[in-house]
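These are my notes on a model I went through for contacts, empty space and backbone oddities. The entries follow the order in which I looked things up.

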Protein chains: 2
Amino acid sequence: MTYCLGIWLPTGLVLASDSRTSAGVDQISTVKKLALFEKPGERVVAILSAGNLATTQAVISMIRQNAGGGGAVGPEGDILAARSLFDVAQIVGSVLREVMRLNRSFVEPYGDPSASFLVGGQIAEDGHRLFQVYSAGNFVEASSRNPFLQLGETKYGKPILDRALTMRSGLDEAAKLALLSFDATIRSNLSVAPPIDLLRYEAGSLKAAQLAKFTAQHPYWADLRERYSTGLSQLVESLPEPRF
Amino acid sequence: MTYCLGIWLPTGLVLASDSRTSAGVDQISTVKKLALFEKPGERVVAILSAGNLATTQAVISMIRQNAGGGGAVGPEGDILAARSLFDVAQIVGSVLREVMRLNRSFVEPYGDPSASFLVGGQIAEDGHRLFQVYSAGNFVEASSRNPFLQLGETKYGKPILDRALTMRSGLDEAAKLALLSFDATIRSNLSVAPPIDLLRYEAGSLKAAQLAKFTAQHPYWADLRERYSTGLSQLVESLPEPRF
C-alpha cells in the first residue's frame, strides 16, 4: 500500500508521500513516490503516485522522457510546456491510459495494474492547484470546500485532518497536520512507512525550495510524534468519564 | 456500513456498536446491532453484528429461538446452556454457516450476503472473553497482546485506540476511548451513525448492568466530542512547526 496526501490552502500546498512498496510480505522495499518537475520562476509540478509500481514508474518515466519535447496535451504531452496545471493533469491521465492500454492484459493475470496520482503545483499566473487523477485517467480538483485529497491507505489519517484542518490553517500548521496524519497511518498499518517526502509550496513562489525528507529518526518528526502522543494521552485523561 | 468495537481488559469488557444500516443511499435506517443474552449471576453474552442485515438478523433470531432449548454446540446450540464463551462463539459460527448455506446462492446475485460478529461476555467461572467470528464461521480471540477487535468501518477509529489504549486503561477510560473512536469514524464516514449502544461489563459481575445508548444529542457524548475537538486543536497548535 501507499499513503499520499495533498493539501490545498489559499496560501499554498502541502504534498506528502510515504516510501513503502510491497509486492507480498517478503518483498518490502522503499521508493520515492514524489516526482518533481521545476522551472524556477515559471513552474513547479509535483506528481505523487500510488498503485502498481511498474505502472507508476512507467507513467513518471514517460512524462520525464516527453518533458521538453514540446508535445501538446495527450500521451506525449510536454509537462514543461503545459499552460496550466489542468493541462498537466490531462497529460498524466493520458499517459496513464496509454500505459494501461499497453500493459493491462499482460499484468491482470498476476495482479492489479492500476494506479492513481496527485498532481499539485503552479504554472505562472495560473493559481496553485491540486488534482487527483483516478485510475481511469479522469480527475478531480481540490478546492476550499474540499481542501485535501488522498491516495492509497487513506482512512487512518483522515480524522486528524477532518478535525483540525481549516481554510485558516497556515502552511506550517498544514505540514504539521500532514505529518501527524502519516504518523496515525504508520502506527495503525504496516503497509505505509517512512521516510516521508514532504513539499511545502508557497503560492506564487514558483520554486520548490521547501522539500524535506522525514525519516523515522528525523529529530523534528520524532519530537512531534512524542509530544503529540503524550499530549493526546493527557487530553484523553483530562476528559470526564461516562456514567451509566 | 457499520462500526462495532470490542475491548478486552483485565478488568472487563467494553462493547459498542453504531446503528446505521443502508442498502443504497435512499434506504438509510437505524437498527440495533448489539444483542444481549443474560442470566444474571450466571452469564452475560453480547453479540455485535456487521454485514448483510438479513443475514445478521437471521443469525440472531435463530440463536434466540434456540436459547433455552438445551441444544449442544452446533447450528441448534443453546447459548444459555453453553459452558464457555468459546462454545458460544462456536454456536454463532455454526448458525452463520447454516444461514449462509440456506441463503447464499439466492442472495449473491443481488449483493454480498456475508456477515461477521463480535461475541463478548462471561459465563460463570470461565473468565470474561471476547471473540471475533469471521464470515467463514471461524473465529479469533482477543488477549492482552491484542486487546481490541473491530468490525466494519474499522480504520478511522483505530489510531486513537492504538495510541491511547493500554492494559493499564480502566473500563471508564476504555468506554471514553470507544466513544472517541466512534466519533472519529462518524465524522469521517457517512456510513456509520449514532445512536451508539455501549456495554461496560465488569469482570466477574455476571450481569449487564451498564448498558447505555448514546444519541448524537446525549449530553455526555456531546460534551466529550466538544472537549476533545477543542483540546486536540489546542494540542496541535502547541506543537512546534517544521523547519525546511
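Before placing anything in a loop I fixed the element names: helices (H or I, at least four residues) and strands (E, at least two) are DSSP runs, numbered from the N terminus. I also note that this is a predicted model.

**Entry 1: cis peptide bonds**

I began with the backbone, and with a reminder that most peptide bonds are trans. In chain B, I found that the bond from B:Pro194 to B:Pro195 is cis, with omega near 0°. I placed B:Pro195 in the loop between α4 (171–188) and β11 (196–202) of chain B. In chain A, the bond from A:Pro194 to A:Pro195 is cis, and I read its omega as near 0°. A:Pro195 sits in the loop that runs between α4 (171–188) and β11 (196–202) of chain A.

**Entry 2: positive phi**

I then looked for positive phi outside glycine. Most residues other than glycine have a negative phi. A:Leu206 has a positive phi, near 55°. I located A:Leu206 in the loop between β11 and β12 (210–214) of chain A. With a relative accessible area of 12%, A:Leu206 is buried, because buried means under 20%.

B:Ala124 is not a glycine either, yet has a positive phi of about 40°. I found B:Ala124 in the loop between β7 (115–123) and β8 (126–133) of chain B. Is B:Ala124 buried or partly exposed? I noted a relative accessible area of 28% for B:Ala124, so the residue is partly exposed.

**Entry 3: the contact between the chains**

How many residues does each chain bring to the contact? I noted 40 residues from chain A and 40 residues from chain B. Chain A and chain B bury about 4,000 Å² between them, and 68% of that area is on carbon and sulfur atoms. On the chain A side, I listed A:Lys155, A:Arg163 and A:Phe244, which supply 21% of the area that chain A buries against chain B. No other three residues supply more.

**Entry 4: the cavity**

I searched for enclosed space next. The count came to 1 cavity of 30 Å³ or more, and I recorded a volume of about 190 Å³ for the largest cavity. Its lining has 16 residues. Nearest the centre of the largest cavity are A:Pro159, A:Ile160, A:Tyr228, B:Pro159 and B:Tyr228. I checked which elements supply at least two lining residues each: α3 (158–164), α4 and α5 (219–238) of chain A do, together with α3 (158–164), α4 and α5 (219–238) of chain B. I sorted the lining residues into 14 nonpolar, no polar and 2 charged.

**Entry 5: the pockets**

The largest pocket holds about 610 Å³ of space. I counted 25 residues in its lining, the closest to the centre being B:Thr21, B:Gly51, B:Asn52, B:Leu53 and B:Thr56. Two or more lining residues come from each of β3 (20–22), β5 (34–39), β6 (43–51) and α1 (53–66) of chain B. I noted α1(B) as the source of the largest share, 6 residues. By type, the lining of the largest pocket is 9 nonpolar, 12 polar and 4 charged.

For the second largest pocket I recorded about 490 Å³. This pocket has 23 lining residues, and I found A:Thr21, A:Gly51, A:Asn52, A:Leu53 and A:Thr56 nearest its centre. In chain A, β3 (20–22), β5 (34–39), β6 (43–51) and α1 (53–66) each supply at least two residues of the lining. α1(A) gives the most, with 5 residues. I divided the lining of the second largest pocket into 8 nonpolar, 11 polar and 4 charged.

**Entry 6: B:Ala50**

I picked one residue of strand β6 of chain B, B:Ala50. B:Ala50 is buried, with a relative accessible area of 5%. Leaving out residues up to four places away in sequence, I listed what B:Ala50 touches: B:Thr2, B:Thr56, B:Ala115, B:Ser116, B:Leu151 and B:Gly152. I also took the C-alpha to C-alpha distance from B:Ala50 to B:Ser135, which is 9.6 Å across 85 residues of sequence.

**Entry 7: cysteines**

Last, I looked for disulfides and found 0 over all chains. A:Cys4 is buried at a relative accessible area of 0%. I noted B:Cys4 as buried, with a relative accessible area of 0%.

Methods
Residues are numbered from 1 along each chain as its sequence is written. Chains are lettered from A and ligands numbered from 1 in the order in which they are written. This is a predicted model: local features need pLDDT of at least 70, side-chain atom pairs count only at pLDDT 80 or more; totals for chains, interfaces and linings use all residues. Side-chain values use heavy atoms; hydrogens and water are left out. On a 1 Å grid over the protein atoms alone, a cavity is a set of points where a 1.4 Å probe fits but cannot get out, and a pocket is an open set with protein on both sides within 12 Å along at least five of seven lines; lining residues have an atom within 4 Å of a point. Grid points are joined across faces, edges and corners, and a volume is the space filled by probe spheres set on the points. Ala, Val, Leu, Ile, Met, Phe, Trp, Tyr, Cys and Pro count as nonpolar, Asp, Glu, Lys and Arg as charged, and the others, Gly among them, as polar. A disulfide is a pair of cysteine sulfur atoms within 2.5 Å. Buried means under 20% relative accessible area, exposed over 50%, partly exposed in between (1.4 Å probe, protein chains only). Contact means heavy atoms within 4.5 Å. Buried area is the accessible area (1.4 Å probe) that two parts lose on being put together, summed over both.
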